[in-house]
Amino acid sequence: KGKEQLYRDVVERHMLRQREGLERTIAAAPPELKAQLNAISDWLVEQAPVDMLRMVRSDAVQISAEYTDELIEQVNQSMMQPIIGVIRAAQERGEVRPLVPEMVAGMLLAVINWAVYFDSTNRFAVPGKLMMRQVIGVMLHGIIQQHT
């Protein structure tokens, strides 16, 4: 097998594991946005997900343009779509205002990669899962102190 095929095999297995894990995690969580986002972020922090977009950019010189497009679609199907489905379902339940689900899913994945990085380097005294709880709180409620 050539290098690209070996790379394809490794990435395909990883993406299948990510999708199956996300789907199981979402199915096991209560059908409520905060609970599902917390479950997703917990699972992904435990997996220490690979920053697939960085990988595509850095490895793009080593793989064909056609496979780069395939790889981006694998990331979309395996990691983005399960989260997009959670956002859309929350919109249908009236939990979330109209917004672009793809943006929220991308934001969540980007911040999870950030949290995993800081967790792995011990730059903060706060573990990645707790950081993500706070990030999800900010996503859902903003940062402005609510006065009653």
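This is a short presentation on the fold, the nonpolar core, the largest pocket and three single residues of one protein model.

Good morning, colleagues. Please bear in mind throughout that the model is predicted.

I begin with the overall architecture. The protein contains 6 helices and 0 strands, so that its elements, read from the N terminus, run α-α-α-α-α-α. The chain has 148 residues, of which 40% are buried. As for the contacts between residues at least 6 apart in sequence, 65% of them join residues at least 24 apart. The protein exposes about 8,900 Å², and 57% of that area is supplied by carbon and sulfur atoms.

Let me turn to the interior. In soluble globular proteins, nonpolar side chains tend to be buried together. Here, the largest nonpolar core has 35 residues. Which members of this core touch the most other members? They are Leu33, Leu37, Ile40, Leu44, Leu108, Ile112 and Met132. The elements that give two or more residues to this core are helix 1, at residues 3–28, together with helix 2, helix 4, helix 5 and helix 6. Helix 4 provides the largest share, with 10 residues.

Leucine 108 deserves a closer look. Apart from residues up to four places away in sequence, leucine 108 touches Leu37, Ile40, Ile83, Met132, Ile136 and Met139. Three of these names, Leu37, Ile40 and Met132, have already appeared among the core members that touch the most others.

Next, the largest pocket. Its volume is about 280 Å³. Which elements give two or more residues to its lining? These are helix 2, spanning 33–47, helix 5, spanning 101–121, and helix 6, spanning 128–141. Helix 5 gives the most, with 3 residues. The full lining consists of Leu33, Leu37, Ile87, Glu95, Val96, Arg97, Leu99, Met103, Val104, Met107, Met139 and Leu140. By character, the lining divides into 10 nonpolar residues, no polar ones and 2 charged ones. Leu33 and Leu37 thus appear both in this lining and among the core members that touch the most others. Met139, also in the lining, is one of the residues touched by leucine 108.

I close with three individual residues.

The first topic is aspartate 42, in helix 2. Is aspartate 42 buried or exposed? Aspartate 42 is buried, because its relative accessible area is 17%, and the cut-off for buried is under 20%. Leaving out residues up to four places away in sequence, aspartate 42 touches Lys129 and Arg133.

Phenylalanine 118 is found in helix 5. This residue, too, has a relative accessible area of 17% and is therefore buried. Beyond residues up to four places away in sequence, phenylalanine 118 touches Arg123, Phe124 and Met131. Phenylalanine 118 and methionine 131 lie 13 residues apart along the chain, with 9.5 Å between their C-alpha atoms.

Finally, arginine 88 lies in helix 4, which covers residues 65–92. With a relative accessible area of 37%, arginine 88 is partly exposed. Setting aside its neighbours within four places in sequence, arginine 88 is in contact with Gln81, Pro101 and Glu102. Along the chain, arginine 88 and proline 101 are 13 residues apart, and their C-alpha atoms are separated by 6.5 Å.

Thank you for your attention.

Key: Residues numbered from 1 in each chain as written. Predicted model: local features only at pLDDT ≥ 70, side-chain atom pairs only at ≥ 80, totals over all residues. Heavy atoms only, no water. 1 Å grid on protein atoms, 1.4 Å probe; cavity = no way out; pocket = protein on both sides within 12 Å on 5 of 7 lines; lining within 4 Å. Points joined across faces, edges and corners; volume = space filled by probe spheres on them. Helix = DSSP H or I, 4+ residues; strand = E, 2+ residues; numbered from the N terminus. Nonpolar A, V, L, I, M, F, W, Y, C, P; charged D, E, K, R; others polar. Buried < 20%, exposed > 50% of the residue type's maximum accessible area, 1.4 Å probe, protein only. Contact = heavy atoms within 4.5 Å. Areas by Shrake-Rupley, 256 points an atom, 1.4 Å probe, with all protein chains shown as cover. Core = buried A, V, L, I, M, F, W, Y, C linked by side-chain atoms within 4.5 Å.
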